[in-house]
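Hi,

Here is the structure I promised to pass on to you. Have a look at it first, and my notes follow underneath.

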Amino acid sequence: MRTTVGIIGAGPAGLLLARLLHNAGIDSVVLEARDRAYVEHRQRAGILEQGTVDVLRAAGAGERMDREGLRHDGIELRYDRKRHRVDFPALTGGRSVMVYAQTEVCKDLIALQLKEGGPLLFEAEALAVEGADSDRPTVRFRHEGREDVLECDYVVGCDGFWGVARKAVPEELVRVFERTYPFGWLGILADVPPSHDELVYARHDRGFALLSMRSPSVSRLYLQVPEGADAESWSDDEIWDELERRFETEDGWALERGPITQKSVTPMRSYVHEPMRHGRLFLAGDAAHIVPPTGAKGLNLAVGDVVTFARALTHQRDTGSAELLDAYSETCLRRVWQAERFSYDMTTLLHRSPDATPFEDRLQIARLERIATSAAAETDLAEGYTGFPFQ
Ligand code: RFL
Ligand code: PHB
């Protein structure tokens with residue numbers, strides 16, 4: 001098999017890249033290790049930045065998002081039983097975000113790809129990228145019980161944190177920047193209308209809590225739990241009781257309960273792999289970087305990377321200049337580090353470390369008070385949340 005761009009992974013990064021290349025008239029093949037149902041139902045991100053929304057629309061993948069997605073103009077910060085709303089459009093010159101789940105983005109992109117795009121192979125596991133620094137890189141993969149080789153002009157590793165693409169960059173050229181956090185998120189889906197019409201980020205002495213949603217009838221909620229906690233060790237009642245405590249306000253706000261349909265624990269990590277390119281191998285999305293979910297940045301970063309790659313490759317085809325391809329890693333990393341900083345700030349602002357001192361507790365409250373009372377501090381949060389510009 002031969003193609004211009006071999007794409008490993010059919011998460012949001014790989015699927016959107018295939019769509020952008022198709023629209024530009026560049027052919028690609030997508031290899032995905034898992035089956036279609038798995039990719040379409042893996043619960044993850046829920047928030048699309050303004051820039052991501054714009055890209056999906058321009059790619060012709062925004063129709064259902066515009067119909068079913070929920071535009072959100074703000075979030076609520078909750079601490080000391082008080083509430084503070086951050087108004088995005090007022091602070092950022094009209095920017096907002098969209099609540100539209102990653103599962104739905106993937107379903108839309110898969111349907112488009114199968115209808116109009118190039119090959120998208122499920123249950124096709126990449127085993128290794130070979131010859132990354134040659135003119136003809138290849139991907140060795142296993143599909144339907146057979147080993148095969150995909151010959152490419154370029155390979156883009158969109159295979160997430162546990163993928164194989166990254167391993168093709170020689171160790172001596174790599175620098176990894178990493179931090180793990182001593183807590184995780186217990187996430188639930190519940191068949192109950194969200195108790196608030198915007199997301200609520202709560203800082204509490206017992207730990208962080210987040211109220212989000214998937215639709216007007218389905219809530220998505222998260223609780224900070226100790227690192228390595230087991231979701232099954234929490235009964236449904238214990239989860240609701242704990243959420244209630246952490247969201248409690250002085251004005252009597254009430255949390256609606258409902259049947260919990262899914263629960264799982266996610267570890268929290270910051271991670272950056274530099275560089276994001278080696279020869280003709282490019283890394284995009286979680287394959288190159290991870291942020292803790294507090295800032296809702298992961299999927300949006302993946303979108304930024306593949307937009308940058310598609311634009312650079314189109315530029316090379318149209319002008320013969322490899323200038324933008326050569327700048328890929330540097331261009332992406334500027335945005336990646338801004339998102340790393342923002343996600344780290346949001347995480348340390350709202351979570352309680354197991355070894356937190358009373359001094360640090362007071363500092364967190366002071367940082368939150370600063371956001372609630374200073375337009376400059378609040379604008380900084382609103383700009384970060386609605387997203388850093390795509391290059
Ligand atoms: P993905 O989605 O992990 O997709 C990688 C794909 O590659 C496949 N794969 C392989 N395929 C072939 N051969 C191999 N050897 C392969 N190895 C792996 C995998 O099966 C998979 O299909 O990476 P991608 O595309 O870079 O997308 C990144 C996002 O998924 C991720 O950043 C976000 O989900 C992070 N995230 C959030 N991001 C946001 O922007 N907003 C949010 O609100 C948000 N909330 C979240 C999140 C992530 C969470 N978890 C579970 C980590 C909330 C949570 C709880
Ligand atoms: C989600 O809805 O899954 C979600 C929303 C906001 C975040 C993280 C996750 O910061």
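**What lines the ligand site**

In this predicted model, α1 (12-23), β9 (124-130) and α8 (298-319) each give at least two residues to the shell around ligand 1. Helices here are DSSP runs of H or I with at least four residues, strands are runs of E with at least two, and both are numbered from the N terminus. The top contributor to this shell is α8, with four residues.

The shell holds 34 residues, and Glu32, Arg42, Gln102, Asp286 and Leu299 come nearest to ligand 1; a residue is near if one of its heavy atoms lies within 4 Å. By type, the shell splits into 16 nonpolar, ten polar and eight charged residues. For that split, Ala, Val, Leu, Ile, Met, Phe, Trp, Tyr, Cys and Pro are nonpolar, Asp, Glu, Lys and Arg are charged, and the others, Gly among them, are polar.

Oxygen atoms of ligand 1 also pair with the backbone: a polar backbone atom of Leu299 is 2.7 Å from one, a polar backbone atom of Ala296 is 3.1 Å from one, and a backbone N or O atom of Ile47 is 3.5 Å from one. On its own, ligand 1 has 1,000 Å² of accessible area (Shrake-Rupley method, 1.4 Å probe), and the protein covers 88% of that area.

**The second largest pocket**

This pocket has a volume of about 310 Å³. A pocket is an open set of points on a 1 Å grid over the protein atoms alone, where a 1.4 Å probe fits, with protein on both sides within 12 Å along at least five of seven lines; lining residues have an atom within 4 Å of a point. The volume is the space filled by probe spheres set on the points, which are joined across faces, edges and corners.

Of its 16 lining residues, Thr348, His351, Ser353, Glu360 and Gln364 are the closest to the centre. β12 (175-190), α10 (328-350) and α11 (358-373) each give two or more residues to the lining, and α11 gives the most, with five.

**The whole protein**

The protein has twelve helices and 19 strands.

**How to read the numbers**

Residues are numbered from 1 along each chain as its sequence is written, while chains are lettered from A and ligands numbered from 1 in the order written. Local features need pLDDT of at least 70, side-chain atom pairs count only at pLDDT 80 or more, totals for chains, interfaces and linings use all residues, and side-chain values use heavy atoms, leaving out hydrogens and water.

Best wishes

Key: Polar contact = N/O pair within 3.5 Å; in protein donor to acceptor, adjacent residues only side chain to side chain.
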